[in-house]
Amino acid sequence: MKQEINKPFIYGVSVSGKNFTDRVKETQRLKTNFENGLNVILISPRRMGKTSLVKKVQQEVDNRLVHTVYIDIYNCRSEYDFYNKFAAELIRQTATKMEMAMENVKRFLSRITTKISFSPDPMADYSISLGITPKDCNPEQILALPELLAEHIGKHIVVCIDEFQQVGEWPDSLNVQKRMRGVWQHHQHASYCLFGSRKHMMTNLFQNKRMPFYQFGEPNFLQPIPTEDWIPFIQHIFEENGLTIAEHFVTRICDIVQNQSSYVQQLAWNVMLNTKQEVTNKELEQGIEDLLMQSTPLFMEQTASLTTYQMNFLRAIIAGQHNQFSSQEIMETYQLGSKSNVARMQKTLIEKDLIELRKEGLFISDPVLQLWLQRQ
Ligand SMILES: Nc1ncnc2c1ncn2[C@@H]1O[C@H](COP(=O)(O)OP(=O)(O)OP(=O)(O)O)[C@@H](O)[C@H]1O
Ligand SMILES: [Mg+2]
């Protein structure tokens, strides 16, 4: 894993080992599901720790009877992108040697693909490219691969697919989903862990009765790591670096970013950089300023295309409004236009993941974006 060895706080990439805190219950639960062949759906806002958690469980679970395969489909732009990645990763990750992978390609894919190539890869021993096109294959044969490989290696296979929300963006997505579910639901020796962010997209894929993946697996909403677990984690890292941070400052760090994992580590790192000996208000405030500055390019990009009405909608939420946006009073106070305009904006902003619907109403999804908008 490529991580900067000297950096005490890590953010933006998946974490492991001593950079991974807590999640004891979640790890155990997921591990049990993997070992018992249950399908799992894992959903959370961005940067909460899904990839880190699944990779941790993957390490703990690999044993004589269960083998996990991890596939990140972020870069798959279509059904066939996916089939190529899916088949190649399954073959590669179930083979101990390149020779074995070559054999398995012959055994299971010889009728499907005509342009196989193996090449050295800096991230792994080698990579496989299959060149599968709609002409060569029927998709069901590719989707059946986990079951066939499981029988072949004599182990149960757990297929972990990261960034699964991408599926919802593909052309003809609904039919692809039907195909996937149609094949996978019959598998006896393979199970699936499908996970991703973009809550809106993921919940639509899995919680909508009309969608093929409805009730495909156990739904898990990954919760934030609680403050009481961040306290020892962060205090310990400060101590290791000859610095001190009082408990209530760690609590403030967690509160400001609503315990969103990546931001907690980023803000803690900012504060540490400003600290000579002991954290005071001054270092914390400076750390927050730095965080806002670091986030500004992204937030500018995210808000640049919004209309004045949409910005007004966000302002209303920031002002503490979470419901009743189409009441006359709210529409006038915040200049939201007409009722139909409000309904349309709400839909668009949710689809853009800028706002989300919680039990208490509509909220800004990203805690730092909220802070940034408040300061504007
Ligand atoms: N268990 C953990 N302990 C400490 N920090 C964590 C943990 N899980 C996540 N983080 C922090 O959150 C960051 C993002 O983690 P990760 O990439 O696993 O999240 P993700 O939910 O997969 O994100 P994305 O939505 O971008 O795919 C890490 O770099 C780290 O700073
Ligand atoms: Mg991830």
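How many residues surround ligand 1, and which are the closest? The count is 24, and the closest are Ile10, Val13, Lys50, Thr51 and Ser52. Keep in mind as you look around that this is a predicted model.

Let's start with that ligand and its surroundings. Sorted by class, the shell around ligand 1 comes out as 11 polar, 8 nonpolar and 5 charged residues. Two helices to pick out in the viewer are helix 2 (50–61) and helix 11 (261–274), since each of them gives the shell at least two residues. The shell also takes at least three residues from domain 1 (23–221) and at least three from domain 2 (227–301).

Here are some polar pairs between the protein and oxygen atoms of ligand 1:

| Residue | Protein side of the pair | Distance to an oxygen atom of ligand 1 |
|---|---|---|
| Gly49 | polar backbone atom | 2.9 Å |
| Lys50 | N or O atom in the side chain | 2.7 Å |
| Ser52 | polar side-chain atom | 2.5 Å |

How much of ligand 1 does the protein bury? On its own, the ligand exposes 630 Å², and the protein buries 96% of that. Lys50 and Ser52 turn up twice in this picture: both are among the closest residues to the ligand, and the side chains of both appear in the table, Lys50 at 2.7 Å and Ser52 at 2.5 Å.

Now zoom out to the whole chain. It is divided into domain 1 (23–221), domain 2 (227–301) and domain 3 (306–375). So far we've met the first two through the ligand shell, which leaves the meeting of domain 2 and domain 3 to explore.

The centres of domain 2 and domain 3, taken over C-alpha atoms, are 28 Å apart. Across the boundary, 13 residues of domain 2 are in contact with 8 residues of domain 3. Between them the two domains bury about 970 Å², with 69% of it on carbon and sulfur atoms. Which three residues supply the most of what domain 2 buries here? They are Gln258, Leu292 and Phe299, which supply 55% of the area that domain 2 buries against domain 3.

Methods: Residues are numbered from 1 along each chain as its sequence is written. Chains are lettered from A and ligands numbered from 1 in the order in which they are written. This is a predicted model: local features need pLDDT of at least 70, side-chain atom pairs count only at pLDDT 80 or more; totals for chains, interfaces and linings use all residues. Side-chain values use heavy atoms; hydrogens and water are left out. A residue is near a molecule or strand if one of its heavy atoms lies within 4 Å of it. A polar contact is a pair of N or O atoms within 3.5 Å; within protein, one must be able to donate a hydrogen and the other to accept it, and residues adjacent in sequence count only if both atoms are side-chain atoms. Accessible areas come from the Shrake-Rupley method with a 1.4 Å probe; for residues, only the protein chains shown count as cover. Helices (H or I, at least four residues) and strands (E, at least two) are DSSP runs, numbered from the N terminus. Ala, Val, Leu, Ile, Met, Phe, Trp, Tyr, Cys and Pro count as nonpolar, Asp, Glu, Lys and Arg as charged, and the others, Gly among them, as polar. Domain bounds come from an automatic or database domain assignment. Contact means heavy atoms within 4.5 Å. Buried area is the accessible area (1.4 Å probe) that two parts lose on being put together, summed over both.
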